[in-house]
Amino acid sequence: IVSGVSGDRVWFGANEDYYFRADTRMEVFSNNGDQHGVVIFSYRDGFPQAGINEKGLSFDANALASSALPESEEWQSRRDLPEGVDPVVKALMTYATVPEVIAYIEQYKIPVLSSAQIHFADAKGNLAVYSNDGICYKKRVHISTNFRVCTKDVSKAIKSSKGEYWRYPIAEDILGKGRVSFEKVKRALVETTQTNDVSTLYSFVVDLKTTDFTLYYGADFDGGVVMNAQALIAKGRQSFLMRDLFPDSHLAAFWDLYEAEGPLGAISYLKAQENNV
């Protein structure tokens, strides 16, 4: 996950990496007067992986090795989460800036953050990463991946990781010098794509000032779909399977055939594509 500020522009981008599944979704929640409209990226189970609201506040999360929950007096004084409330989605529906979100979620005990950190950015240029055991703000560029970037010395963590943290220095090299731009954020995602057992399911780049975003499917960075969060939200409640947004994608066609005709139909399609190469 990367974010960056360049002049009056603020960029946010991420790869969603996981064991392959075809149920990635885009959920649109409308502005009803009492809450901001939000676009959420999730799976069929509805668990939010990333999102952007109409004010240009965005988030994504990194999975981490699990740690014990804090035992501090401050932690113990926090309230339990109300049943059925996702605190990050609730924050996006309520607030417009990162400091407001941090103040909100710090009211609650959030057990899932013992094994995750959340990367936030907003249209005003606030960039932050938050977990139960630390928070760090950056002014120009923020990068996060699957280690605790706020409570570990980043350079030492990378050196001792035996290569697991290979994506961080690549993104840092691309974004660390000169102006941050759409092209640089996209390049950082392209060069940190995963194609092994864990693979890049989708990627996105958001201009937080305009809420324009480009969505890429299955690590195909030549076939992005450009949308605007505010325009989607204005159309009301919507839900999309991501693969339906990419009708020309071989990956989408494979899964549609798999569901319609079973494994043999999908495999026949793959063999036909191989013969056409």
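Leaving aside its neighbours within four places in sequence, which residues is His36 in contact with? The model here is predicted, and His36 is a good place to enter it. His36 lies in the loop between β3 and β4. Beyond its neighbours within four places in sequence, His36 is in contact with Ser30, Asn31, Asn53, Glu54, Lys55, Leu92, Met93, Thr94, Tyr95 and Ala96. One of these contacts is polar: the His36 side chain reaches the backbone oxygen of Thr94 at 3.4 Å. Is His36 buried or exposed? Its relative accessible area is 17%. Buried means under 20%, so His36 counts as buried.

Now step from the loop into the strands on either side. Strand β3 covers residues 25-29, and strand β4 covers residues 38-42. The two pair in the antiparallel sense, over five bridges. Within this pairing, Val28 stands opposite Val39 of β4. β3 has another partner as well. It pairs with strand β16, residues 238-241, in the antiparallel sense over four bridges. There, Phe240 of β16 is the bridge partner of Met26. How enclosed is β3, and why? Four of its five residues are buried, so β3 is largely enclosed by the rest of the structure.

Two of the residues just met return in the largest nonpolar core. This core has 31 residues. Met26, Val39, Phe41, Phe204, Leu208, Phe213 and Leu215 touch the most other members. Which elements give two or more residues to it? They are β2 (9-19), β3, β4, β5, β13, β14 and α7 (229-234). The largest share comes from β13, with four residues. Such a grouping fits a broad pattern. In soluble globular proteins, nonpolar side chains tend to be buried together. Leu208 shows what surrounds one core member. Leaving aside neighbours within four places in sequence, Leu208 is in contact with Val10, Phe12, Ile52, Lys55, Gly56, Ser58, Ala121, Asp122 and Ala123.

Next comes helix α2, residues 87-94. Thr94, the polar partner of His36, falls within that range. The helix is mostly covered, with six of its eight residues buried. Those six are Pro87, Val88, Val89, Ala91, Leu92 and Met93. What do they pack against? Their packing partners are β3, β4, β5 (48-53), β6 (58-63), α3 (98-105) and β9. The N-terminal end of α2 is capped by Asp86. A side-chain oxygen of Asp86 lies 3.1 Å from the backbone nitrogen of Val88.

Strand β9, one of the packing partners of α2, holds Gln117. The strand runs over residues 116-121. Gln117 counts as buried because its relative accessibility is 1%. Which backbone atoms does its polar side chain meet? It reaches the backbone oxygen of Thr145 at 2.9 Å. A polar atom of the side chain also lies 3.5 Å from the backbone nitrogen of Val149. Leaving aside neighbours within four places in sequence, the contacts of Gln117 include Asp60, Ala61, Asn62, Tyr130, Ser144 and Phe147.

Ala61 and Asn62 lead on to the largest pocket. Along with Glu16, Gln49 and Ala63, they lie nearest its centre. The pocket has a volume of about 990 Å³. Its lining is made of 41 residues. Which elements each supply at least two of them? They are β2, β5, β6, α2, β9, α5 (167-175) and α6 (182-191). The largest share, six residues, comes from β2.

Two loop residues close the tour. Most residues other than glycine have a negative phi, and most peptide bonds are trans. Thr211 has a positive phi of about 65°, although it is not a glycine. It sits in the loop between β13 (198-207) and β14 (212-217). Ala219 also has a positive phi, near 60°. This residue lies in the loop between β14 and β15 (220-228). Are these two residues buried or partly exposed? Thr211 counts as buried, because its relative accessibility is 0%. Ala219 is partly exposed, with a relative accessible area of 29%.

Key. Residues are numbered from 1 along each chain as its sequence is written. This is a predicted model: local features need pLDDT of at least 70, side-chain atom pairs count only at pLDDT 80 or more; totals for chains, interfaces and linings use all residues. Side-chain values use heavy atoms; hydrogens and water are left out. Buried means under 20% relative accessible area, exposed over 50%, partly exposed in between (1.4 Å probe, protein chains only). A polar contact is a pair of N or O atoms within 3.5 Å; within protein, one must be able to donate a hydrogen and the other to accept it, and residues adjacent in sequence count only if both atoms are side-chain atoms. Contact means heavy atoms within 4.5 Å. Two strands pair if DSSP finds at least two bridges between them. A nonpolar core is a set of buried Ala, Val, Leu, Ile, Met, Phe, Trp, Tyr and Cys residues joined through side-chain atoms within 4.5 Å. On a 1 Å grid over the protein atoms alone, a cavity is a set of points where a 1.4 Å probe fits but cannot get out, and a pocket is an open set with protein on both sides within 12 Å along at least five of seven lines; lining residues have an atom within 4 Å of a point. Grid points are joined across faces, edges and corners, and a volume is the space filled by probe spheres set on the points.
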